[in-house]
Each structure stands twice: as C-alpha cells, then as structure tokens.
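Q: Please take a close look at one residue in this model and its surroundings. Then widen the view to the strands and the space around them.

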Amino acid sequence: GRIFSEYRIRDAISGGDAEAAIGLKNLWTLAPGLRLGTSVERVHALSGKGQNENTAGALALEYTANPLWKGSTRLEIRDASTTESLLFTVGLAAKLNRDWTALARNAYSLQRAKESGAERVVERMQAGLAWRDTDTNRWNALGRIEHRLESDDTQDGLQLKSTTTLVSLHADWQPSRPFLVSGRYAAKWTTDKSNGLSSKYRAQVIGARATWEFAPRWDFGLVTSLLVGENLDSRHYGVGVELGYLVATNLWVSAGYNFFGYRDADLAGADYTARGPFVRLRYKFDESLLESVGAVRPGNKVAEASR
C-alpha cells in the first residue's frame with residue numbers, strides 16, 4: 001500500500017484552480033501473474049472556482065501469467081460537487097506467432113451533471129494487428145481500426161452526437177542504423193447528427209517521414225503528407241523539417257518548422273501538421289519502466305496507456 005499527497009495547479013497563468021489531493025492505493029497479488037489494484041483519492045480545492053473538488057475510487061485487474069496473451073481492465077468512479085463520472089477500460093494483447101500480435105482496447109467515459117441530469121458520453125473501441133520482422137529487425141507495421149461514439153447534451157440548446165470510424169496503416173523501415181523511413185495511410189468517416197441535423201464527412205491522408213542520425217546525439221528529419229477531403233479538389237499539403245537532440249537514453253527533443261500544413265486531430269497521428277514552428281518530445285518506453293508505479297491511481301493516464 002502507498003499513501004500519496006499532491007498539489008495541483010490547472011491553468012495557473014489565467015488564474016485557474018489550485019487543488020490538494022490525498023489518497024491511498026494498494027496492489028494485491030491474487031496469484032502468479034494476477035494482480036488486483038484498489039485506490040481511493042480525495043481532491044480538495046484551495047483556490048479558484050472549486051468545481052473539480054471530488055472523491056474517486058478505482059478497481060483494476062491485470063493478468064500477465066500467460067506468455068502468449070495479457071489483459072487488463074479498470075473501473076473508476078468519481079463524485080464531484082456538480083458532476084459524477086465513470087470511466088471503464090479494458091485491453092488485450094495476444095501474440096499469434098513470433099511476428100504477429102493482436103491488440104484490442106475499449107474505453108467508455110460517462111459524465112453526468114447532478115442538477116440537470118445532462119450527460120456526456122465518449123466510447124472508443126480499437127483493434128489492431130502489429131507485425132515485427134524478427135529475423136532482420138528492419139521492418140515494423142501496424143494496422144488499426146477505431147470506432148468512436150460521442151454524445152453531449154450538457155450545454156443549453158445543444159445536443160451533440162457524432163460517430164467516427166478510423167482505419168490506419170503504419171510502417172517503419174530501417175535499411176541501416178542511421179536511417180529510418182516511416183509511412184502511414186489513414187482514412188476516416190464521420191457522421192454528425194447534432195441537433196437533429198445529419199451530415200457526413202470523409203477524408204484520407206498519406207504521409208512519410210525520413211530520419212537521418214548524422215551524429216551520435218543528433219538527427220534530421222523530413223516530413224511530408226497529403227490530406228484529401230470529400231473529393232480530389234479538396235487537398236491540403238504538409239511539408240516540414242525537424243532537428244532532434246538525444247537528451248538522455250530514449251529521450252529526444254526536436255524542433256521543426258512546417259512550410260505547409262493543415263489541421264485534423266483525427267488524422268494527424270503523432271505528427272504536428274499545422275503550418276509554422278513546433279517542438280516535439282519523444283520518449284521510448286515499455287511496461288518495465290512503470291512496474292514500480294501504482295497501476296490504479298485515479299487519473300493516472302500514463303500508467304494506463306503503458307499497458
């Protein structure tokens with residue numbers, strides 16, 4: 001068991017909330033490879049509007065005993081002064097053979113206003129196949145499909161409801177140690193039925209990145225992409241360069257500039273696609289980094305994503 005205490009500041013520059021959080025988390029080993037996590041947290045507002053003052057509890061179950069598949073699930077319930085919310089996630093990874101792995105994840109979020117009963121619901125279902133060339137370790141590929149449902153009637157006079165389906169393919173090729181070439185293709189279909197009006201939108205993007213490690217701690221990258229909307233006349237180009245520096249093991253900081261760009265949060269992927277300068281932080285890690293960090297602390301999205 002662990003007791004934790006934190007001081008949190010949100011939107012400090014604009015005079016946002018300051019909060020104090022205290023909680024208790026426990027990790028129980030039920031059997032080899034099977035662990036149960038429990039957690040409780042209390043957040044008290046010290047300044048600001050205080051709307052985020054809440055109490056939260058979480059349960060998590062993790063199975064890692066089988067060498068061919070691993071799974072985890074987590075349920076968090078949070079009771080705030082004006083809202084109550086629920087977050088449920090489940091994930092599964094199964095190794096099909098030495099090169100192929102199947103991945104699946106679902107996340108369901110519900111937030112309800114206590115006074116009006118209005119709700120905001122977001123559900124994301126994802127499935128994918130990952131391939132690694134274990135013989136030469138030069139190729140990696142990932143195919144993924146995602147379905148997202150969003151509905152929100154918490155704003156007066158607005159009833160938002162939309163569904164989005166995303167399909168994407170990603171590949172990496174490393175012909176030699178200093179060079180890495182990456183490519184991706186993605187397409188999305190969105191249906192919006194907000195306020196009783198129905199509209200549809202579709203788009204697709206194709207992009208590539210070439211990276212050259214020209215010095216032990218430095219690399220240079222060239223990034224290009226093309227976004228196509230409903231028809232071929234609706235085209236947006238992205239072209240940029242990037243200079244990166246290895247600050248520590250597996251930690252890169254890069255600065256770059258896009259000469260052309262566009263904005264689409266669903267199709268941008270891990271790239272910054274808007275026109276202008278940007279700074280990017282890259283860190284490579286696996287689950288072993290977070291073995292000593294509690295897996296079920298409420299709001300611990302980093303630990304959740306690592307699994």
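A: Start with Ser162. Not counting residues up to four places away in sequence, Ser162 touches Arg148, Leu149, Glu150, Thr191 and Asp192. Ser162 sits in strand E10. The model is predicted. Ser162 has a relative accessibility of 15%, so the residue counts as buried, the cut-off being under 20%.

Next, the pocket to which this strand contributes. Strand E10 (160-176) gives two or more residues to the lining of the second largest pocket, as do strand E9 (139-152) and strand E11 (179-192). The volume of this pocket is about 240 Å³. Its lining has 16 residues, and those nearest the centre are Arg144, Glu146, Leu166, Ala265 and Asp266. By type, the lining holds seven nonpolar, three polar and six charged residues.

Leu166 leads on to the core. Besides lying among the residues nearest the pocket centre, Leu166 belongs to the largest nonpolar core. That core has seven residues, and the others are Ala186, Ala203, Val205, Leu227, Tyr262 and Leu267. As a general point, nonpolar side chains in soluble globular proteins tend to be buried together. Take Ala203 as a core member. Leaving aside neighbours within four places in sequence, Ala203 is in contact with Ala186, Leu227 and Leu267, among others. The contact list of Ala203 also includes Ala187, Lys188, Val228 and Gly229.

Now compare Ser162 with two polar residues elsewhere. Asn106 lies in strand E7 (residues 100-113). Its relative accessible area is 15%, so Asn106 is buried. Leaving aside neighbours within four places in sequence, Asn106 is in contact with Phe88, Thr89 and Val90, and also with Glu123, Arg124 and Met125.

Ser85 is found in strand E6 (residues 83-95). With a relative accessible area of 21%, Ser85 is partly exposed. Its contacts, leaving aside neighbours within four places in sequence, are Glu76, Ile77, Arg78, Leu110 and Gln111. Ser85 and Leu110 are 25 residues apart along the chain, yet their C-alpha atoms are separated by 5.4 Å.

Ala31 offers another long step in sequence. Ala31 is found in strand E2 (residues 18-31). At 30% relative accessibility, Ala31 is partly exposed. The C-alpha atoms of Ala31 and Tyr63 are separated by 9.4 Å, with their positions 32 residues apart along the chain counted as the separation.

Turn to the aromatic rings. There are eight aromatic pairs. In one of them, the ring centres of Trp100 and Trp131 are 6.4 Å apart and the planes stand at 40°, so this pair is tilted. Trp100 lies in strand E7 and Trp131 in strand E8 (residues 119-132), so the pair ties together parts 31 residues apart in sequence. Both rings belong to partly exposed residues: Trp100 has 36% relative accessibility, and Trp131 has 26%.

Trp212 and Phe214 make another tilted pair, with ring centres 5.6 Å apart and planes at 55°. Trp212 is partly exposed at 42% relative accessibility. Phe214 is partly exposed too, with a relative accessible area of 39%. Phe179 joins Trp212 and Phe214 in one aromatic cluster.

Two loops deserve a look at their backbone. Asn137 is placed in the loop between E8 and E9. Its phi is near 60°, a positive value in a residue other than glycine. At 45% relative accessibility, Asn137 is partly exposed. Asn195 lies in the loop between E11 and strand E12 (199-215). Phi of Asn195 is also positive, near 55°. Asn195 is partly exposed at 39% relative accessibility.

Last, the whole protein. The protein contains one helix and 16 strands. Of its 307 residues, 30% count as buried. Ser162, at 15% relative accessibility, counts as buried. Among contacts between residues at least 6 apart in sequence, 42% join residues at least 24 apart.

Definitions and conventions. Residues numbered from 1 in each chain as written. Predicted model: local features only at pLDDT ≥ 70, side-chain atom pairs only at ≥ 80, totals over all residues. Heavy atoms only, no water. 1 Å grid on protein atoms, 1.4 Å probe; cavity = no way out; pocket = protein on both sides within 12 Å on 5 of 7 lines; lining within 4 Å. Points joined across faces, edges and corners; volume = space filled by probe spheres on them. Helix = DSSP H or I, 4+ residues; strand = E, 2+ residues; numbered from the N terminus. Nonpolar A, V, L, I, M, F, W, Y, C, P; charged D, E, K, R; others polar. Buried < 20%, exposed > 50% of the residue type's maximum accessible area, 1.4 Å probe, protein only. Contact = heavy atoms within 4.5 Å. Core = buried A, V, L, I, M, F, W, Y, C linked by side-chain atoms within 4.5 Å. Phe/Tyr/Trp six-rings, centres within 6.5 Å; stacked < 30°, edge-to-face > 60°.
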